[in-house]
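Here is a short briefing for a reader who has not met this structure before. The sequence and the model come first, and the notes follow.

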Amino acid sequence: MNRKVKQLITGMPATDGAGVELVRVIGQPALMELDPFLLLDCFRSDVPDDYIAGFPPHPHRGFETVTYLLNGRMRHKDNAGNEGVIEPGGIQWMTAGRGIVHSEMPEQENGLLEGFQLWVNLPATHKMSSPAYQEYDADHIPLETRPGTRIKVIVGETSEGNTGPVSQPLTRPLYLDIQLEANTRFVEPLPATHNAFIYVIEGILRIEDIQGDSVEVAPDQLAVLSEGLSVALESTENPARFLLIAGQPIGEPIARAGPFVMNTEDELRQAFRDYKNGTF
Ligand code: FE
């Protein structure tokens with residue numbers, strides 16, 4: 001059975017970091033989380049004032065931050081001496097684990113900066129694991145083509161057997177960047193165990209909702225999908241581009257405050273103490 005649209009979410013304008021204008025799609029009142037996903041921020045601006053202040057040093061603990069850039073460049077630097085630049089089409093999958101302090105700063109003074117940050121939760125057994133990175137530029141991301149369809153396979157495996165370079169066996173995520181020509185249908189099986197959503201970047205997607213009606217999903221909208229074995233949708237008379245993201249829910253209690261996501265309030269307080277004491 002195909003998955004249907006269960007809930008349609010419109011991104012909410014927000015400001016984060018040192019004043020970066022973005023659209024918060026997951027992690028806002030309309031959708032606080034979609035287990036295992038805790039947050040989805042989308043940023044797209046060619047006005048330097050919207051992004052230039054970036055995200056100066058800040059901590060994370062207990063989950064993973066995933067940055068995928070479509071345009072522009074972002075330099076990251078952490079307290080363990082790791083440093084690098086995420087380029088257009090590149091992905092950084094950072095497992096914050098027990099804790100990391102890092103900065104994420106636009107590596108440009110003008111031009112278009114466009115991309116996404118997704119937060120993926122970790123199960124209790126792995127919240128205090130050592131920090132780790134999986135980082136790949138566009139050349140390492142397989143491009144799968146089907147009639148009228150181009151799929152960048154960032155994480156997970158498609159039904160045609162293409163596998164993204166990032167792996168995370170704990171939540172077995174799928175992260176696809178899909179472009180459809182006009183009037184193109186896209187069908188893809190998804191693991192029945194997974195929560196899944198679609199986020200439209202450009203164009204309009206038509207997909208059935210749980211009432212059996214056809215709904216249109218527009219840019220900056222996220223469609224939460226119901227349970228099922230596959231996703232089926234189509235573009236309209238214009239091309240479309242969207243993210244298809246899925247992951248296995250963790251099913252544990254969530255205690256979150258700012259950059260920390262733990263299981264209990266006690267663990268949250270410990271995270272703040274450790275950060276303050278420099279024992280992060
Ligand atoms: Fe961060």
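**Pocket and metal site**

Sorted by class, the residues lining the largest pocket are 11 nonpolar, 7 polar and 5 charged. The model is predicted. The points below take up this pocket and then the site of the iron ion.

**The largest pocket**

- The volume of the largest pocket is about 390 Å³.
- Its lining consists of 23 residues, and Asp16, Arg24, Leu39, Asp41 and Trp119 are the ones closest to the pocket centre.
- At least two lining residues come from each of the strands β3 (20-26), β4 (37-45), β5, β11 (113-121) and β23 (255-257).
- Strand β5 gives the largest share of the lining, with 5 residues.

**The iron ion**

- Four residues of the protein act as donors to the iron ion: His58, His60 and His102, each through NE2, and Glu104 through OE.
- These donors lie 2.1 to 2.3 Å from the iron ion.
- Along the chain, the donors are spaced as H-x1-H-x41-H-x1-E.
- His60 belongs to strand β5 (residues 55-60) and Glu104 to strand β10 (residues 100-106), so this pair ties together parts that lie 44 residues apart in sequence.
- His60 and Glu104 are both buried.

**Geometry of the site**

- The angles among the 4 donor atoms run from 83 to 178°.
- The site is classed as irregular, because four donors count as tetrahedral only if all angles lie between 85 and 135 degrees, and as square planar only if opposite donors are over 155 degrees apart and all others between 65 and 115.
- For comparison, the ideal angle for four tetrahedral donors at a metal is 109.5 degrees.

Methods
Residues are numbered from 1 along each chain as its sequence is written. This is a predicted model: local features need pLDDT of at least 70, side-chain atom pairs count only at pLDDT 80 or more; totals for chains, interfaces and linings use all residues. Side-chain values use heavy atoms; hydrogens and water are left out. Donors are N, O and S atoms within 2.8 Å of the metal (3.2 Å for Na, K and Ca); water is not among the atoms, so sites may look incomplete. Four donors count as tetrahedral if all angles lie between 85 and 135 degrees; four count as square planar and six as octahedral if opposite donors are over 155 degrees apart and all others between 65 and 115; anything else is irregular. Helices (H or I, at least four residues) and strands (E, at least two) are DSSP runs, numbered from the N terminus. Buried means under 20% relative accessible area, exposed over 50%, partly exposed in between (1.4 Å probe, protein chains only). On a 1 Å grid over the protein atoms alone, a cavity is a set of points where a 1.4 Å probe fits but cannot get out, and a pocket is an open set with protein on both sides within 12 Å along at least five of seven lines; lining residues have an atom within 4 Å of a point. Grid points are joined across faces, edges and corners, and a volume is the space filled by probe spheres set on the points. Ala, Val, Leu, Ile, Met, Phe, Trp, Tyr, Cys and Pro count as nonpolar, Asp, Glu, Lys and Arg as charged, and the others, Gly among them, as polar.
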